[in-house]
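Trainee: Before I use this model, I want to know what each label rests on. Can we go through the reasoning step by step?

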Amino acid sequence: MELMKDPEVLNPDECRGVCVFAEQRRGTLSGAAMELAGAGRRLADALGDDLHAALLGHGVGDLAEELRHYGIDRIHVADDPVLTDFLDESYSAALCRVVRDVKPSILLGAATNLGRSLLPNVAVRLGAGLTAGCTGLAIDDATKNLVATRPAFGGTIFADVVMENRRPQIATVRRRVMEPAERRDAPSGEIVRHDLPPCAAAARAKFLESVDELAGAVDLTSADVIVSGGRGIGGPEAFEMIRELADALGGGVGASRAAVDAGWIAYSHQVGQTGKQVRPKIYVACGISGAIQHLVGMRSSDTIIAINRDPEAPIFKVAKYGLVGDVHKIVPALAKRFREGG
Amino acid sequence: MNIVVCIKQIPDTTDVKFDRETGRLKREGQPATINALDEHAVEEALRLKEQHGGAVTALTMGPEQAVDALKHAVAMGADEAIHVCDDALAGADTLATSYLLARAILKIGAVDLILCGAETIDGATACVGPGVAQNLQIPCVCFVQKIEGIADGKITVQRMMEEGYDRVECPLPALLTVVKGINVPRISSLKGKMRAKKRQPKALTVADLPEAKPERIGAAGSATRVTRTFAPEKRPEGLMLEGEADEIAEQLYQHLRK
């Protein structure tokens with residue numbers, strides 16, 4: 001192992017505009033790309049500068065064309081077989097290449113697993129500051145610097161962070177916080193191809209395969225509705241009624257740590273401090289008492305509905321609607337009522 | 001197989017209190033603990049050592065009391081513990097922290113694998129692990145939910161993604177950050193606890209890392225600065241619905257329909 005040489009930092013005077021990393025996986029653009037295009041547009045307008053997007057992959061010409069419908073001024077594409085699948089080394093080398101060419105003042109990525117792997121690596125390569133997991137972005141009127149707002153300590157406190165002396169100012173942004181850019185019928189924006197010199201983005205790691213476990217199920221981090229079960233539902237078989245309510249509401253199934261630790265449901269469903277951070281429009285907590293570990297993962301949901309037989313349960317403190325009673329009766333009753341509609 | 005595990009001591013968040021006036025965290029007299037995901041990283045390192053031999057070194061950067069987190073790792077079974085502690089490191093952000101940790105790891109010598117918790121519960125940036133990897137110019141895989149195996153100097157892992165997982169093969173040395181699903185950490189044995197009591201972690205200061213450039217550590221080496229902290233807005237009081245299940249369902253349905 002050898003320490004990386006001191007990074008060649010970008011000259012702040014030469015940096016302009018906003019660049020968003022347009023995440024794609026296996027030929028599909030992530031919804032995060034449109035959210036970042038929306039956030040990036042607002043920042044670029046505040047600065048009076050251009051909005052750029054960086055798209056990495058192989059055979060992503062169609063995706064670049066699609067991005068032309070989201071009000072981005074220039075779409076920078078690195079299309080190369082080594083970028084077919086996400087590997088930290090190849091993607092960060094390629095993104096740094098684009099950033100050094102474009103010299104944006106601000107670089108935004110999504111706080112997805114991919115973005116949270118990639119951007120810290122890019123920040124070190126560029127010697128730039130990174131504010132992770134942001135829920136707010138603004139331009140300071142006086143200095144024109146980015147002010148990035150992020151929660152810490154599980155959302156018990158928020159901090160405004162500036163990266164005044166380095167460029168680009170990098171931020172990863174949480175899913176479902178930013179208003180996405182609207183798709184326009186008429187394409188606009190210019191596509192700029194960035195050729196990677198041979199081996200510029202070679203990776204020592206090797207991508208073997210991607211295993212899709214969702215198979216039609218809902219990704220909790222981008223879900224509109226989540227129904228979660230906790231210890232109070234009593235056992236693994238009770239996740240059947242949770243799933244039925246989730247289906248009735250068109251949502252995904254979540255779980256508390258207690259339910260996961262008891263082995264009732266897979267870890268990939270866990271919401272909370274050591275699980276997923278979610279932000280759906282509707283979150284239904286069934287038989288979940290509301291320990292801080294759980295609350296930090298879901299309390300920024302728009303509407304929280306809690307079902308618990310204990311009226312003193314802490315979950316009711318964050319709930320817009322508190323349903324007091326037997327979860328085994330209420331959950332099926334809700335599923336039935338929402339299926340009936342009317 | 002020499003493994004370094006980077007760990008952090010954090011405030012015990014179930015007890016986090018902060019001053020509503022200043023927005024600052026009350027740290028004094030608050031209990032502290034090893035970051036939960038770092039415990040999973042220590043556990044995974046111990047399991048790999050049991051399979052492949054070698055040694056496990058726990059490494060932390062932090063104030064004096066952070067020594068307790070290292071002792072926790074030693075009680076679990078770590079062979080060595082290194083504590084980088086120096087006033088000059090105060091105010092380090094993830095950029096400065098990852099640089100300094102990389103410097104400290106080089107001092108350890110031959111290292112095959114570096115493990116970190118995917119993120120801490122306090123800062124939750126998930127930046128230090130990949131930052132250390134890039135400083136050391138070694139391959140990195142974040143959010144690892146399973147190590148499938150190690151053979152011929154290569155490690156095969158499962159990386160948790162939103163829609164499932166990716167299988168990635170990586171030559172060693174490499175850095176992995178791990179998620180909770182990877183294992184269930186062991187409870188420290190009495191023997192382990194006794195060992196941790198006797199064994200003082202090795203203390204390093206900046207003077208012990210002369211190659212570390214002063215302009216790249218602590219507040220000077222940081223590229224981010226917190227300008228304001230504030231409490232989140234309080235949610236308005238919720239509406240409690242009671243009665244028979246069917247009645248509750250009807251009431252909620254009518255409310256949500258609006």
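Trainee: Which residue is the bridge partner of A:Cys134 in β11(A)?

Mentor: A:Val173 is the bridge partner of A:Cys134. Keep in mind that this is a predicted model.

Trainee: What makes β7(A) and β11(A) a pair?

Mentor: Pairing needs at least two bridges. β7(A) and β11 (residues 169-173) of chain A have three bridges, in the parallel sense. So they count as paired.

Trainee: Where do β7(A) and β11(A) sit in the sheet order?

Mentor: The order is β7-β11-β6-β1-β4-β5-β12 in chain A. That is seven strands in an open sheet with parallel pairing.

Trainee: Why are β7 and β12 of chain A said to stand at the edges?

Mentor: β7 (130-134) and β12 (190-193) of chain A each have a single partner strand, so one side of each has no neighbour in the sheet. Neighbouring strands of this sheet are turned by 20° against each other on average, direction ignored.

Trainee: Which helix packs on the sheet, touching β1, β4, β5 and β6 of chain A?

Mentor: Helix α3 (residues 88-102) of chain A does. The direction of α3(A) makes about 150° with that of β4(A).

Trainee: How do you know that β1(A) has a partner in β4(A) and another in β6(A)?

Mentor: Count the bridges against the minimum of two. β1(A) and β4(A) share four, parallel. There, A:Phe21 is matched with A:Ala54. β1(A) and β6(A) share three, also parallel. There, A:Cys19 is matched with A:Leu107. Both pairs pass.

Trainee: Which way do the residues of β1(A) point, and are they buried or exposed?

Mentor: A:Val18 and A:Val20 point one way, A:Cys19 and A:Phe21 the other. All are buried. That label takes 20 or more other C-beta atoms within 10 Å.

Trainee: What makes β8(A)-β9(A)-β10(A)-β12(B) an open sheet with edges?

Mentor: The four strands are paired antiparallel in that order. At the edges, β8 (136-139) of chain A and β12 (225-230) of chain B each pair on one side only. The twist averages 25° from one strand to the next. Inside the sheet, β9 (residues 146-152) of chain A and β10(A) pair over six bridges in the antiparallel sense. One matched pair is A:Pro151 with A:Phe158.

Trainee: How many bridges join β13(A) to β9 of chain B?

Mentor: Six, and the two strands run antiparallel. The partner strand in chain B is β9 (residues 164-171). A:Phe207 stands opposite B:Val168.

Trainee: How many residues does the contact take from each chain?

Mentor: 69 from chain A and 72 from chain B. α4(A) gives the most on the chain A side, with eight residues. By class, that side has 35 nonpolar, 17 polar and 17 charged residues.

Trainee: Why is helix α2 of chain B called largely enclosed?

Mentor: Eight of the 10 residues of α2(B) (residues 67-76) are buried, so the rest of the structure largely encloses this helix. Among the buried ones are B:Ala69, B:Leu70 and B:Lys71. Just after the helix, B:Gly77 takes a positive phi of about 140°.

Trainee: Which residues have the most contacts inside the largest nonpolar core?

Mentor: B:Val5, B:Ala73 and B:Leu100, in a core of 147 residues. Leaving out residues up to four places away in sequence, B:Leu100 touches B:Met61, B:Val84, B:Leu89, B:Ala92, B:Ala212 and B:Ile217. A second, separate core of 53 residues includes A:Ala223, A:Val271, A:Met298 and A:Ile307. In soluble globular proteins, nonpolar side chains tend to be buried together.

Trainee: What makes chain A, with its eight helices and 18 strands, as compact as a globular protein of that length?

Mentor: The radius of gyration is 22 Å, close to the 20 Å that the globule rule gives for 342 residues, so the description holds. The C-alpha trace spans about 60 × 50 × 45 Å along its principal axes. Of the 342 residues of chain A, 56% count as buried. Among contacts between residues at least 6 apart in sequence, 65% join residues at least 24 apart.

Conventions:
Residues are numbered from 1 along each chain as its sequence is written. Chains are lettered from A and ligands numbered from 1 in the order in which they are written. This is a predicted model: local features need pLDDT of at least 70, side-chain atom pairs count only at pLDDT 80 or more; totals for chains, interfaces and linings use all residues. Axes are lines fitted to C-alpha atoms, for helices over the stretch in contact, and angles run from 0 to 180 degrees between N-to-C directions. Two residues are in contact if their C-beta atoms, placed from the backbone, lie within 7 Å. A residue is buried if 20 or more other C-beta atoms lie within 10 Å of its own, exposed if 12 or fewer, and partly exposed in between; C-beta atoms are placed from the backbone. Ala, Val, Leu, Ile, Met, Phe, Trp, Tyr, Cys and Pro count as nonpolar, Asp, Glu, Lys and Arg as charged, and the others, Gly among them, as polar. The radius of gyration is taken over C-alpha atoms; the globule rule is 2.2 Å times the number of residues to the power 0.38. A nonpolar core is a set of buried Ala, Val, Leu, Ile, Met, Phe, Trp, Tyr and Cys residues joined through C-beta atoms within 7 Å.
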